[in-house]
Every structure is written in structure tokens, then in C-alpha cells.
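Work through these exercises with the model open. Try each task before you read its solution.

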Amino acid sequence: MANSSKNLDPAFQGVGQRLGTEIWRIENFQPVSLPKSDHGKFYSGDSYIVLQTTAGKGGAHLYDIHFWIGKDTSQDEAGTAAIKTVELDAVLGGRAVQHRELQGHESDKFLSYFRPCIIPLEGGVVSGFKTPEEETFETRLYVCRGKRVVRLKQVPFARTSLNHDDVFILDTEKKIYQFNGANSNIQERAKALEVIQFLKDKYHEGTCDVAIIDDGRLAAESGSGEFWVLFGGFAPIGKRVVGDDDVTLETTPGKLYRYFFRT
């Protein structure tokens, strides 16, 4: 690692010396290191810097720096994240590969650092982060997509968010529900179960109940009755609406072509 200058941001002292993931959130235009307990949680109103250090040949370290831009973050915070990414790269001797990550369109490489997935949350450093004494449980509805890499997206807690094509996770204080759209695929259903186990262990101390709701079935033993009560009672759900910010699931790798012109 290159020698740090006297103007080095204190948050970057000693970076890149150990393998794994280091994360900073931009607060008041400064990077603030996040504890490991908060790794994987990304608030839509904030911007983050993620450093991934891996082992190279001969004991050298390889670096990837990602700056993650929440969909509701300010331009000033996004700009600060970009500037601080360059500064961090300089600290690492200019040897890092830099990546820009937009919420909902993250690269597979970025998502691979967080198992089973990242947890996108509404709010930000001002509204979203509270002390444990202030924090109360918030019921959240997620759509879970991806056959290989899981992409989790928080959607409004409303019946209109549900559809027949996707798998949804409803995380309540006492119970976690998985809603399998009738047209959803088995791979996404299996991945959603992994996410539920992660949520159960991380936010419910491993003790909450889990219920699987199959689209179109109203069997009482499946927990579907209480699931629909949370949405104001059973009613037909609509078709999936694809929005501009919809995630792209399985993309075809890009190709680079070289053209030769005769003069």
C-alpha cells in the first residue's frame, strides 16, 4: 500500500490491510465507517463506499472500490462518494478497480459480497438511522428476484404491490411470510427461503415463525388467511407492472469488438 499523505481522511487509516469488505456511509459529506453488523443494509437516501480486498498472487492484495448511490440520495452526497472513492484509490496506490453502483441495478460482483443478498431500506442517515432505544420494528414488503444472484427490493406494503409472477417476502414483527406468485419460478422461491432465514437470524434472533403462501390457495393451515388480513382482506391481485427502475435479472455479458479500417 502506498504511503498515506498527511491529508488522509481519518476514516481511511489502515484500509486494505485485511481481506474482506469495508464499508463507509457518507454523512455530512464525510465517510463514516460502518460496523459489520450493518454490512448489507443500504438506505435509499444515502451513498456508500465499499472496499473489497482479495488475495492476489505472491501475497499481494487486489482491490475493488464500489460507490453505491441510493435512488433518493442527494447529488452532493453522490458527488462526495465519487470524490472519496478516488481518494481511497490513491491511498491504495492507485491499484484499485473503481465501480459505480446504482440502487436496483447493482453488478453481480457487488452483490456477491453480501450473502444471501443486500437489504435495501427506505430513508437515510437522517430519517433511517436511529439508536436501539428509538428504533421500532417496521413491517416491510420485499420482492425477491434472481435465479443465481438474489436481488431484493422493498416495495410499498400494499396489495397493489403483489402480482402473479414474482416471489414476495412480508417481514412482520412476529412472522415472516413468503408469497409465491402462481407464475414464479422454483429457483426464485428457493432463493427467497434463504433470504427469509437470513432475516430470521439477523433481525428476529432466530425465533419468529415462517409461513409460505401459494398464490391462489386459501388453505387455513398455510397461514394465508392471516396473510391476507394484513392486506385488508383477500382480493384479486393485478399483473406485474414493469417500471423504469425495475431490476434487470439475468443479463447477457457485454462484448467488446475491435474494428479495423483500411486507409
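Two strands count as paired if DSSP finds at least two bridges between them. Keep in mind that this is a predicted model.

**Exercise 1.** Find how strand 4 and strand 5 run and how many bridges join them.

*Solution.* Start with the count: 9 bridges join strand 4 to strand 5. The two strands run antiparallel. Next, look at the link. The strands form a hairpin, with 5 residues between them. In the turn, Gly58 has a positive phi of about 65°. Finally, pick out one facing pair: Tyr48 stands opposite Trp68 in strand 5.

**Exercise 2.** Describe how strand 5 pairs with strand 6, and name the unit they make with helix 1.

*Solution.* Strand 6 covers residues 97–102. Strand 5 pairs with strand 6 in the parallel sense, over 6 bridges. Here Trp68 stands opposite Glu101 in strand 6. Now add helix 1, residues 75–91. Strand 5, helix 1 and strand 6 make a right-handed β-α-β unit.

**Exercise 3.** Explain why strand 5 is largely enclosed.

*Solution.* Buried means under 20% relative accessible area. Strand 5 spans residues 61–69, and 7 of its 9 residues are buried, so the strand is largely enclosed by the rest of the structure.

**Exercise 4.** Characterise the largest nonpolar core.

*Solution.* The largest nonpolar core has 29 residues. Phe42 is one of those with the most contacts inside it. Helix 3 gives the largest share of this core, 5 residues. Domain 1 (16–121) and domain 2 (140–235) each supply at least three residues. Now check Phe42: leaving aside neighbours within four places in sequence, its contacts include Tyr48, Trp68 and Phe110.

How values were computed
Residues are numbered from 1 along each chain as its sequence is written. This is a predicted model: local features need pLDDT of at least 70, side-chain atom pairs count only at pLDDT 80 or more; totals for chains, interfaces and linings use all residues. Side-chain values use heavy atoms; hydrogens and water are left out. A nonpolar core is a set of buried Ala, Val, Leu, Ile, Met, Phe, Trp, Tyr and Cys residues joined through side-chain atoms within 4.5 Å. Buried means under 20% relative accessible area, exposed over 50%, partly exposed in between (1.4 Å probe, protein chains only). Helices (H or I, at least four residues) and strands (E, at least two) are DSSP runs, numbered from the N terminus. Domain bounds come from an automatic or database domain assignment. Contact means heavy atoms within 4.5 Å. A crossover is right-handed if, with the strands pointing away from the viewer, the path from the first strand over the helix to the second runs clockwise.
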